[in-house]
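Hello,

Here is the structure I promised to pass on to you. Have a look at it first, and my notes on what turned up follow underneath.

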Amino acid sequence: MQSYKDLIVWQKNFELVKSVYNLTKQFPREELYGLVSQMRRSAVSIPSNLAEGYSRKSRQEYIQFVRVAFGSGAELETQLLLVIDLKLANKNETEKVYNQLVEVMKMLNKLLSSLNPSLCVFKSHNL
């Protein structure tokens with residue numbers, strides 16, 4: 001692999017970020033500095049940390065950055081569950097983004113376990 005952009009997990013995350021941006025466009029204006037900002041930061045953090053970790057060329061640093069990306073995914077999961085409960089956006093669209101996130105989290109988990117088999121396993125919640 002020549003670049004972090006060759007990683008399928010990075011590519012899927014990049015698509016997830018665009019989906020989060022599109023979803024949050026529907027939110028009420030009063031959420032602009034609340035959930036909109038927080039969700040976008042969480043989403044952007046995932047592929048950004050993958051890129052930075054990959055660029056470090058150290059296995060231990062890479063693992064740390066993948067773990068941070070995983071943590072950002074968990075943040076985003078919590079925020080999406082809140083969006084569903086508060087009915088801030090179309091439920092079908094929110095579930096679509098949530099399913100993208102679940103796929104990404106599974107891929108991150110697989111990447112973590114390939115780098116260090118003793119790391120934890122992601123378990124998604126049913127909506």
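Please keep in mind that this is a predicted model. I'll begin with helix H2, which has 25 residues and reaches 34 Å from its first C-alpha to its last. That is close to the 36 Å expected at 1.5 Å a residue. H2 does bend, by about 25° at Ser 45, and a proline, Pro 47, follows within four residues. After H2 comes Lys 57, with a positive phi near 65°.

Helix H3 covers residues 59–86. Its 28 residues reach 41 Å from first C-alpha to last, close to the 40 Å expected at 1.5 Å a residue. Just after H3, Lys 87 has a positive phi of about 55°.

Now for how H2 and H3 pack. Their axes come within 8 Å and cross at roughly 160°. Angles over 145 degrees count as roughly antiparallel, so H2 is roughly antiparallel to H3. The crossing of H2 past H3 is left-handed. By class, their contact has 15 nonpolar, eight polar and four charged residues.

The aromatic rings may interest you too. The count comes to three aromatic pairs. In the pair of Trp 10 and Phe 14, the ring centres are 5.0 Å apart and the planes are at 25°; planes under 30 degrees apart count as stacked, so this pair is stacked. Both residues belong to helix H1, which spans residues 8–24. Trp 10 and Phe 14 are separated by about one helical turn because they are four residues apart in H1. In general, an α-helix has 3.6 residues a turn, so residues three or four places apart point the same way.

Best wishes

Technical notes:
Residues are numbered from 1 along each chain as its sequence is written. This is a predicted model: local features need pLDDT of at least 70, side-chain atom pairs count only at pLDDT 80 or more; totals for chains, interfaces and linings use all residues. Side-chain values use heavy atoms; hydrogens and water are left out. Axes are lines fitted to C-alpha atoms, for helices over the stretch in contact, and angles run from 0 to 180 degrees between N-to-C directions. Helices (H or I, at least four residues) and strands (E, at least two) are DSSP runs, numbered from the N terminus. Angles under 35 degrees count as roughly parallel, over 145 as roughly antiparallel, 65 to 115 as roughly perpendicular and the rest as oblique. A crossing is left-handed if the near helix is turned anticlockwise from the far one by less than a right angle, and right-handed if clockwise. Ala, Val, Leu, Ile, Met, Phe, Trp, Tyr, Cys and Pro count as nonpolar, Asp, Glu, Lys and Arg as charged, and the others, Gly among them, as polar. The expected span of a helix is 1.5 Å times one less than its number of residues. The bend at a residue is the angle between axes fitted to the seven residues ending there and the seven starting there. Rings of Phe, Tyr and Trp (its six-membered ring) pair if their centres lie within 6.5 Å; planes under 30 degrees apart count as stacked, over 60 as edge-to-face and the rest as tilted.
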